[in-house]
Amino acid sequence: MTARPSSDQPSNQPASRGGIPSEAQLETAALLALHAVDADEIEAATREVPRDLIAYETVGSLSDLVAKRPPEFLREDIIAHALSRRASGTRHNTTVPANPLDAFTQTVAELRHLLDSLRSDEWTLPAIAEYGTVHGLVSHLIGVEEVLLGEFGVNENPTAPHASSHIESTRTYVASLRDVPSSAVVSRWHASATRLRDCASEVDPETVINDNGTESTVSVMLITRTFELWTHHEDVCRATGRPLPVLDGNRLRLMSSFFIALLPMAMEIGGTPRPHKAARIVLTGEGGGVFHQPLGTEIVSPGTMLDNPDFTLTVDVVSMCRLAARRTTPEQMGAIIEGDRALGELVLAGAGVFARD
Amino acid sequence: MLTVKALLAESVPTCSRQWQRHAHTMRGVNEIVVPDNVLVSRLVAGDEHALRLLYDRYGSVVYGIAHQVTRDEQIARDITQDVFVYVWEHATRVDLGRGSIKSFLAMLSHRRSVDAIRASERRNAREQRVASEALRTDSCDHDLGSTVVHADAQRWQQRRIAQAMGDLSDDQRTALQLAYFDGLTYREVATKLNIPEGTAKSRLRLAIARLRESLAHEDHAAWTVP
């Protein structure tokens with residue numbers, strides 16, 4: 001080509017931004033964009049030119065001039081062929097949902113790490129209204145873990161009776177721990193959470209327990225605990241100006257698929273049931289996926305209305321989880337609704353019904 | 001038949017916002033235009049509906065460039081399939097930080113078309129087909145975009161590109177036409193035009209630079225050619 005590449009120059013070298021490209025480089029870049037380089041020269045040419053110099057965008061514009069409608073049959077042929085290579089609904093680098101016990105364990109560890117890093121003055125910062133400060137929030141968590149431990153018959157300090165309200169059942173904890181040093185609060189919460197995990201690991205995940213007045217299973221309890229700890233982890237980060245944690249795809253997949261499956265119930269609880277309606281929900285990002293979800297609680301046979309959903313909702317998986325936790329609003333989350341927009345908005349509006357604080 | 005010159009004769013809106021407004025009106029208030037980045041995210045998530053949307057949006061570009069370069073319907077169909085199946089299977093490789101999805105698809109289609117015609121047995125067949133067509137003295141009179149592109153927004157874009165092509169010198173335009181639309185290497189362009197190779201390269205570089213300027217594109221880092 002026009003210039004000899006040096007032998008130590010890496011292939012596909014990154015762009016040298018700021019450097020002025022030589023005329024020879026520009027020439028080679030134009031030829032590469034046009035695929036007008038002979039086969040025996042391509043390797044040398046690609047070594048010679050920074051990638052961002054190659055004007056694919058400009059050259060690609062030329063394709064508009066020759067746009068031509070393909071034969072009608074080609075569309076479905078291509079779709080069928082594509083789906084035979086990669087089935088619909090399968091994410092790239094498919095993320096499997098985390099095991100609920102592992103998810104809870106990891107989320108506890110991460111929150112512990114965060115709490116250990118807080119300065120003393122940060123404990124008094126306002127977190128969420130129900131519990132006041134960061135200290136109050138962690139006290140609340142102690143209450144939640146210990147009330148649940150009571151379900152396993154191991155709560156040695158039942159300072160609060162069972163209550164049907166998640167918030168009410170921990171109010172006495174928040175009050176009684178107000179003057180306890182933050183380090184002791186952290187230790188007690190961590191000990192409770194660890195004990196809860198141990199108890200959960202010793203029973204069948206499908207064992208039924210009472211979770212704040214709601215009949216649940218151990219497995220579901222662990223998912224909701226993961227959801228809550230992640231949410232409060234974010235609350236503490238917001239309160240203290242720290243970057244929000246980046247949850248791994250496996251836990252996001254666990255939480256989001258759990259939440260999506262609850263949508264029909266959410267709509268029923270919210271007083272807006274929509275039987276015989278369905279949604280295609282595309283959660284983007286690591287841990288996301290495609291969900292074909294009926295919005296009514298009736299039994300739906302596969303291949304019915306799910307094949308023709310009333311709307312498609314596209315939103316990133318983290319935003320969807322935050323919506324479920326009422327940490328974002330439908331307006332803020334940047335969701336895209338195609339199809340029955342009013343129904344889509346109704347679903348989003350009621351999505352936070354399970355959030356407890 | 002729409003020719004580049006005919007396209008040039010039509011009024012060209014000067015503001016992309018105008019096009020956006022127009023595109024929106026065309027589609028009606030309740031129909032949302034899914035942005036390309038969302039489309040790509042949906043492909044990654046495994047949403048086959050997104051693949052259908054992508055095909056509906058860019059199928060004519062992919063097929064059109066393949067058909068133009070190879071002049072063979074069967075090969076153009078195969079390339080079109082190849083491109084969309086590739087994107088479906090490797091959606092994570094589409095990085096919109098590097099360029100638009102359209103340019104990625106066009107690049108892919110063009111690359112595969114060029115590879116197809118450079119296989120010697122196909123080249124011969126293609127050259128016979130090209131030779132049997134009427135000799136075109138003015139490359140811009142070629143019926144580029146003759147068959148399709150119905151959407152107004154695409155028509156506007158087509159006119160814009162045609163105008164940019166019209167701004168090139170005849171020499172540059174001919175060289176560009178041979179390289180891009182006919183899939184020739186710069187050496188073949190030189191032979192065809194009976195000019196030195198260095199001149200062919202220079203014309204192509206200047207043509208791209210001029211086009212880039214006319215289109216005021218911000219080219220991103222190039223795609224890695226799969």
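Start with chain B: residues 24 or more positions apart account for 72% of its contacts with a separation of 6 or more. Keep in mind that this is a predicted model.

**Stop 1: chain B as a whole**

Colour chain B by secondary structure. Eleven helices appear, and zero strands. From the N terminus on, the elements read α-α-α-α-α-α-α-α-α-α-α. Now show its surface. The accessible area of chain B is about 9,900 Å², and carbon and sulfur atoms hold 47% of that. Of the chain's 226 residues, 50% count as buried.

**Stop 2: the cavity**

Where is empty space left? Rolling a probe the size of a water molecule over the atoms shows it. One cavity of 30 Å³ or more is found in the structure. The largest cavity holds about 30 Å³ of space.

Select its lining in two steps. From chain A, take A:Ala33, A:His35, A:Tyr56, A:Val59 and A:Gly60. From chain B, add B:Ser103, B:Ala106, B:Met107, B:His110 and B:Tyr180. Two elements give two or more residues each: helix H3 (56-61) of chain A and helix H6 (101-118) of chain B. H6(B) has the largest share, with four residues. What is the character of this lining: how many nonpolar, polar and charged residues? It divides into six nonpolar, four polar and no charged.

**Stop 3: a hairpin in chain A**

Move to strand E1, residues 208-211 of chain A. In a regular strand the side chains alternate between the two faces of the sheet. E1(A) shows such an alternation. A:Ile209 and A:Asp211 point to one face and are buried. A:Val208 and A:Asn210 point to the other face and are not buried.

Next, select E2(A), residues 214-217. E1(A) and E2(A) run antiparallel, joined by four bridges. One pair to display is A:Asp211 with its bridge partner in E2(A), A:Thr214. The two strands form a hairpin with two residues between them.

Zoom in on A:Asn212, in the loop between E1 and E2 of chain A. Its phi is positive, about 50°. Is A:Asn212 buried or exposed? A:Asn212 counts as buried because its relative accessible area is 7%, and the cut-off for buried is under 20%. Then pick A:Ile167, which lies 45 residues away from A:Asn212 along the chain. The C-alpha atoms of these two residues are 9.4 Å apart.

**Stop 4: the second largest pocket**

Strand E2(A) also leads to a pocket, the second largest. Its volume is about 690 Å³. The lining has 27 residues. To find the centre, select A:Thr224, A:Phe258, A:Leu262, A:Phe354 and A:Arg356, which lie nearest to it. Besides E2(A), the elements that give two or more residues are H9 (218-240), H10 (249-261) and H11 (263-269) of chain A. H9(A) gives the most, with six residues. By type, the lining divides into twelve nonpolar, nine polar and six charged residues.

**Stop 5: a covered helix**

Finish at helix H12 of chain A, residues 317-324. H12(A) is mostly covered, with seven of its eight residues buried. Select them: A:Val317, A:Ser319, A:Met320, A:Cys321, A:Arg322, A:Leu323 and A:Ala324.

What covers these buried residues? Show H9 and H10 of chain A, which are among the covering elements. Then add strands E3 (278-284) and E5 (311-316), and helix H13 (341-349), also part of the cover.

Conventions
Residues are numbered from 1 along each chain as its sequence is written. Chains are lettered from A and ligands numbered from 1 in the order in which they are written. This is a predicted model: local features need pLDDT of at least 70, side-chain atom pairs count only at pLDDT 80 or more; totals for chains, interfaces and linings use all residues. Side-chain values use heavy atoms; hydrogens and water are left out. On a 1 Å grid over the protein atoms alone, a cavity is a set of points where a 1.4 Å probe fits but cannot get out, and a pocket is an open set with protein on both sides within 12 Å along at least five of seven lines; lining residues have an atom within 4 Å of a point. Grid points are joined across faces, edges and corners, and a volume is the space filled by probe spheres set on the points. Ala, Val, Leu, Ile, Met, Phe, Trp, Tyr, Cys and Pro count as nonpolar, Asp, Glu, Lys and Arg as charged, and the others, Gly among them, as polar. Buried means under 20% relative accessible area, exposed over 50%, partly exposed in between (1.4 Å probe, protein chains only). Contact means heavy atoms within 4.5 Å. Accessible areas come from the Shrake-Rupley method with a 1.4 Å probe; for residues, only the protein chains shown count as cover. Two strands pair if DSSP finds at least two bridges between them.
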